[in-house]
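Let's take a walk through a protein together. Have a look at the sequence and the fold first, and then we'll go through it piece by piece.

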Amino acid sequence: MHVKHSGSYFLDLICILLVWYEYGMEDEAVYAARRERMVAEQIEDRGVRDTAVLRAMRLVPRHLFVTLPYQQFAYDDTPLPIPAGQTISQPYIVAYMIAALKLQPVDRVLDVGTGSGYAAAVLSRIVAEVYTIERHKTLVQYARKRFKYLGYDNIHIRHGDGTLGWPEHAPYDGILVSAGGPTVPPSLRSQLAIGGRLVMPVGASKRKQRLVRLVRRGDDDFEVDDLGPVAFVPLVGAEGWEREQGRE
Ligand code: SAH
C-alpha cells in the first residue's frame, strides 16, 4: 500500500485553499455584475431616477445580507426569507421607498424594522446618520456584524420596539418603516422634523397595505400621499399590531 507523506498532504491543502480563494474572487465579480444588472433593469428602467439612490444600490453587496443558501438569489427581482420568519424586501421596493423619502446628504434617518440591515445599509450610503431599530434580537446581532464587517459606521442599531421611535435622536429628516401597521404610529409622527418625510405601509389587513408618504408641514399638519399597494410583514408593537400568541 502506498502511503503519502505529510509534505504532499500539505501541498494538497495549499491547492485546495487556492482554488477556494479563486472561486471566492469569482463570486464577488459575478455578484458585482448581477448587482449592476439589477440596478439597471429592476430599478432604473422602472422609473427610479434619484442618482444617490441608484449609486447606493450599486454599492451595497445585497448577497451579504442573506444567509448562504439564498445568496445566489440575492440580485433576483424578489423578496427573500431571513431568520425569525421575516423577509428582506424586493430590491425595487427598497429603492422606491428610499427615493420617496427625497433624502439629502446631511439628513438623519430613522429606519424601523432593521431585518437583515439591507435598507439601513443603502440609507447609510446616502445620508449622514442612520438610526435603526429591530424587535428580534437575533436579527439585531446579525445586522450589527454586517455593518461592522462592511465598515458602515454611520449606522446606529438598537433592539426594541420601533413603533415608539428612538426619541433620543429625534427629530428625523426621514423615517422609513419596513413593516405594515394599522395606522402611522403617533410617536413616529412626533419624531419627524418639520419638512421631514415618512414612508410606511399602512393597512387594515396584516399582510396587505398601501404605501403611504407623510410630509410634516407643521406641528399638526401632515400632507399624505398614497404610493400604491404593497405587501409587508406586520409591524408588531405598542403602536402597531398586537403580538399573536404562539406565532413567534
Ligand atoms: N428593512 C429590512 C426589512 C425587514 S422586514 C431589510 O432590509 O431587510 C421588517 C422587519 O420589521 C422585520 O425584521 C420585523 O421583525 C421588524 N419589525 C416588526 N415590528 C417591529 C417593531 N415594532 N419594531 C422594530 N422592528 C419591527
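Which residues of H3 are buried? They are Pro91, Tyr92, Val94, Ala95, Tyr96, Met97, Ile98, Ala99 and Ala100. That makes nine of the 10 residues in this helix, which runs from 91 to 100, so you can call H3 mostly covered. Just past H3 you'll meet Lys102, and its phi is positive, near 45°.

Before going further, keep in mind that this is a predicted model.

Now zoom out. The protein has 248 residues, and 41% of them count as buried. Its secondary structure comes to six helices and nine strands. If you follow the C-alpha trace along its principal axes, it spans about 85 × 45 × 30 Å. What about links between parts of the chain that are far apart in sequence? Take the contacts between residues at least 6 apart: 56% of these join residues at least 24 apart.

Next comes the sheet. Seven of the strands form an open sheet, and reading across it you get E5-E4-E3-E6-E7-E8-E9, with mixed pairing. Why is one side of E5 and of E9 left without a neighbour in the sheet? These two strands stand at the edges, and each has a single partner strand, so there is nothing in the sheet on the other side. On average, neighbouring strands here are turned by 15° against each other, ignoring direction.

Pick out one pair in that sheet: E7 (192–202) and E8 (209–218) are antiparallel to each other and share six bridges. One residue to find there is Pro201, whose bridge partner in E8 is Leu211. Back toward the E5 end, helix H5 (137–150) lies across E4 and E5, and H5 runs at about 165° to E5.

Finally, let's visit the ligand. There are 25 residues around it, and the ones that come nearest are Gly113, Gly115, Ser116, Gly162 and Gly237. Here is how that shell splits by class:

| Class | Residues in the shell |
|---|---|
| Nonpolar | 10 residues |
| Polar | 12 residues |
| Charged | three residues |

Which elements each supply at least two residues of this shell? They are strand E2 (86–88), helix H4 (118–124) and strand E4 (129–134). E2 gives the largest share, with three residues. You've met E4 already: this strand also sits in the open sheet, and helix H5 lies across it.

Technical notes: Residues numbered from 1 in each chain as written. Predicted model: local features only at pLDDT ≥ 70, side-chain atom pairs only at ≥ 80, totals over all residues. Helix = DSSP H or I, 4+ residues; strand = E, 2+ residues; numbered from the N terminus. Buried ≥ 20, exposed ≤ 12 C-beta atoms within 10 Å, placed from the backbone. Contact = placed C-beta atoms within 7 Å. Near = placed C-beta within 6 Å. Nonpolar A, V, L, I, M, F, W, Y, C, P; charged D, E, K, R; others polar. Pairing = 2+ DSSP bridges. Axes fitted to C-alpha atoms, helices over the stretch in contact; angles between N-to-C directions.
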